[in-house]
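Student: Could we go through the aromatic rings of this protein together, with the sequence and structure in view?

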Amino acid sequence: MKNQLVIYHYLCANYIEKHVDNTIKGTIELETIFREDSGVRRIPVLYTVVDVGASYNIILGRPTLNRLGAIVSTYHLCMKFPVGREVESVWADSRVARRCYKDSLRARVGHQKPTRLAVNLEHERPLPAKDLKDVQVGPLATQATRVGTTLDPKEEARLVAFLRCNNDVFAWNTDDMPDIDPDFISHYLSVAKDAKPIAQKKRKQGKENRRAAREETGKLLAAGFIREVQYPTWLANVVMVKKASGKWRMCMDYTDLNKAYPKDPYPLPSIDRLVNRISGFALLSFMDAYSGYNQIRMYEQDEEKMAFITDDGIFRYRVMPFGLKNIGATYQRLMD
């Protein structure tokens, strides 16, 4: 690619250190891809190559932005551009942007050569504060949540007081979960009439997975989410997934069952729209529903299709399990 540079012997003022000129090495036109999720735009971009230390790998000028038809918001660190009839967005990494800005300020003041950063091209969604601390919001020591350590003391006091005043909305165990009336909503499987039931053969699992499956099965039995059955027609295997917290999530391999009924096209929320709605707010909170899927009952006549096998026996779900198709659509209906 270096051989494709068009050489120009011109000087440009350095944008990092004052009163220093740097020779332009040349220019090159490259096809550049702008994408976010499924939306992709390809346009030729003429790059000017400058041999200078900088925190930024690429700086896009107005000609490229105009050709892309982009609208840039430096406040939200977002760039939107048209792709056909759709509008796609590219989100910047706020942590890297902040480091680049601070690095450029240090270079201007101290004439230090800035450190080149590896920029993550993936967009950054709003994330919880990096430094968190536990705050007790219920009468028991185990009934705690987390808040950011960077909050102003007055804001933190108001937030903690608000959480403690409304601690009844938190579920600390399955006994705290309210029952959702099956007549209001339940998960129904529209299995084709000519579908043949498939009973999967039991698969071998490692010692740690077997122990985790036994523990999770005991919890589900105690909560009334599953019950033991005999002579099932549909039968699935257990798939243990370790979460980031170190805890285990028990999923089911309902691959065969999922093929026997159509996909529910109910629309799910757009992440970009949800992110846009939070712009301008000072605080961002994340709430995770306690066993959200398990709060919705299966349609009673479909429970027999929910059977799965473990070392301790055969059970079937009475509530929506992980691994079943269309459960996200049913859950979104409840939220809406």
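Tutor: A charge sits over a ring if NZ of Lys or CZ of Arg is within 6 Å of the ring centre and within 35 degrees of the ring normal. This is a predicted model, in which local features need pLDDT of at least 70, side-chain atom pairs count only at pLDDT 80 or more, and totals for chains, interfaces and linings use all residues. Residues are numbered from 1 along each chain as its sequence is written, and side-chain values use heavy atoms, with hydrogens and water left out.

Student: Over the ring of which residue does the charged end of R249 sit?

Tutor: K325 offers another case, since it lies over the face of Y261 at 4.9 Å from the ring centre. The charged end of R249 is 4.4 Å from the centre of its ring, and that ring belongs to F322.

Student: How many aromatic pairs does the structure hold?

Tutor: Rings of Phe, Tyr and Trp (its six-membered ring) pair if their centres lie within 6.5 Å; planes under 30 degrees apart count as stacked, over 60 as edge-to-face and the rest as tilted. Among the pairs is the edge-to-face one of Y188 and Y299, with 5.3 Å centre to centre and 75 degrees between the planes. The number of aromatic pairs in the structure is four.

Student: Is F308 buried or exposed?

Tutor: F308 forms a tilted pair with Y317, 5.3 Å centre to centre and with 40 degrees between the planes. Buried means under 20% relative accessible area, exposed over 50%, and partly exposed in between (1.4 Å probe, protein chains only). Because its relative accessible area is 0%, F308 is buried.
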